[in-house]
Amino acid sequence: MRGTSAALRPPADAKAPVRHPDAPAPGELLGAHYGQCFGCGGGQPHGLHLEATAGEGVTLSAEFTVRPAHQGAPGLAHGGVLASALDETLGSLTWLLRTIAVTGRLETDFLRPVPVDTVLHLRAEVTAVAGRKIFASAEGRIGGPEGPVAVRADALFVEVKVDHFIDHGRDEEIRAAMNDPDQVRRARAFEVNP
């Protein structure tokens with residue numbers, strides 16, 4: 001790990017991640033976990049609309065196109081939007097573990113500017129698991145999947161029960177998600193959240 005803080009270094013007794021047998025197959029599009037999610041949901045007009053695809057092991061790839069609504073400086077992506085894209089990509093990894101987790105810590109390095117209309121090619125992997133802690137890293141490249149690295153991040157996710165969302169979410173959205181007749185969509189709505 002690059003100059004990662006101690007909080008993001010797995011302990012010595014951490015285990016290698018194991019892909020869940022029921023995880024989506026490599027090459028399978030994961031789809032949005034929740035339609036109103038800023039990162040992956042189609043219901044957010046200015047959201048990222050990030051699309052992730054399962055990879056081998058506990059890895060995935062994703063793409064995000066920087067739109068004018070995502071600007072910070074004129075013609076360039078806002079750093080917070082890029083951090084959101086990394087967080088969404090990293091959070092999607094939990095679908096491969098088939099666990100519910102929330103972002104505990106995210107450290108992001110910004111290495112080069114990302115212009116508007118650029119496709120950011122993201123790749124993420126779970127690096128270790130220690131009890132309820134899931135350690136992961138991601139990078140975003142411009143100019144193609146093998147292009148120069150523009151952003152990267154290391155993260156710690158913490159496994160939680162669905163009660164985390166029910167206890168802390170707004171009642172209106174919780175009820176709507178819980179009453180969704182599509183069982184898979186209902187379960188995925190509570191998959192990942194900071």
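**Exercise 1. Size up the fold.**

Task: State what share of the 194 residues in the protein is buried, and how many helices and strands there are.

Solution.
- Step 1. Buried residues account for 43% of the 194 residues in the protein. Buried means under 20% relative accessible area, exposed means over 50%, and partly exposed lies in between (1.4 Å probe, protein chains only).
- Step 2. Note the source. This is a predicted model, in which local features need pLDDT of at least 70, side-chain atom pairs count only at pLDDT 80 or more, and totals for chains, interfaces and linings use all residues. Residues are numbered from 1 along each chain as its sequence is written, and side-chain values use heavy atoms, with hydrogens and water left out.
- Step 3. Count the elements. The protein has 5 helices and 6 strands. Helices (H or I, at least four residues) and strands (E, at least two) are DSSP runs, numbered from the N terminus.
- Step 4. Read them in order. Along the sequence the pattern is β-β-α-α-β-β-β-β-α-α-α.
- Step 5. Check the contacts. Among contacts in the protein with a separation of 6 or more, 66% are between residues 24 or more positions apart. Contact means heavy atoms within 4.5 Å.

**Exercise 2. Map the nonpolar core.**

Task: Find which residues touch the most other members of the largest nonpolar core, and which elements each supply at least two residues of this core.

Solution.
- Step 1. Fix the term. A nonpolar core is a set of buried Ala, Val, Leu, Ile, Met, Phe, Trp, Tyr and Cys residues joined through side-chain atoms within 4.5 Å.
- Step 2. Pick the hubs. The largest core has 37 residues, and Leu-50, Phe-64, Leu-90, Leu-93 and Leu-122 touch the most other members.
- Step 3. List the suppliers. At least two core residues each come from strands E1 (51–54), E2 (59–65), E4 (119–130), E5 (133–141) and E6 (149–159), and from helices H1 (79–92) and H2 (94–97).
- Step 4. Zoom in on Leu-90. Setting aside neighbours within four places in sequence, Leu-90 contacts Leu-106, Ala-124, Ala-136, Ser-137, Ala-138, Ala-153, Ala-155 and Phe-157.
- Step 5. Look beyond the main core. Another core lies apart from it and has 5 residues, including Leu-8, Ala-128, Ala-130 and Phe-135.

**Exercise 3. Trace strand pairing around E2.**

Task: Work out how many bridges join E1 to E2, and how many link E2 and E4.

Solution.
- Step 1. Apply the rule. Two strands pair if DSSP finds at least two bridges between them.
- Step 2. Take E1 and E2. They run antiparallel and are joined by 4 bridges. Ala-54 stands opposite Leu-60 in E2.
- Step 3. Inspect the turn. E1 and E2 form a hairpin with 4 residues between them, and Gly-57 in the turn has a positive phi of about 60 degrees.
- Step 4. Take E2 and E4. This antiparallel pairing covers 7 bridges. Thr-59 has Glu-125 in E4 as its bridge partner.

**Exercise 4. Spot the positive phi values.**

Task: Locate His-49 and Asp-117, then decide whether each is exposed or partly exposed.

Solution.
- Step 1. His-49 sits in the segment before E1. Its phi is positive, about 55 degrees, although His-49 is not a glycine. His-49 counts as partly exposed because its relative accessibility is 36%.
- Step 2. Asp-117 is in the loop between E3 and E4. Asp-117 is not a glycine either, yet has a positive phi of about 75 degrees. Its relative accessibility is 55%, so Asp-117 counts as exposed.

**Exercise 5. Inventory the charged and polar pairs.**

Task: Name the residues in the salt bridges, and the side chain that Thr-99 meets in a polar contact.

Solution.
- Step 1. Set the cut-off. A salt bridge is a side-chain nitrogen of Lys or Arg within 4 Å of a carboxyl oxygen of Asp or Glu. The whole structure holds 3 salt bridges.
- Step 2. Arg-105 pairs with Glu-107, with the closest N and O atoms 3.1 Å apart.
- Step 3. Asp-109 and Arg-152 meet at 3.3 Å, N to O. Asp-109 lies in strand E3 and Arg-152 in strand E6, so this pair ties together parts 43 residues apart in sequence.
- Step 4. Arg-141 and Glu-139 meet at 2.9 Å, N to O. Glu-139 is partly exposed, at 26% relative accessible area.
- Step 5. Turn to Thr-99, in the loop between H2 and strand E3 (101–110). Thr-99 counts as buried because its relative accessibility is 13%. Its side chain makes a polar contact of 3.1 Å with the side chain of Glu-159. A polar contact is a pair of N or O atoms within 3.5 Å; within protein, one must be able to donate a hydrogen and the other to accept it, and residues adjacent in sequence count only if both atoms are side-chain atoms.
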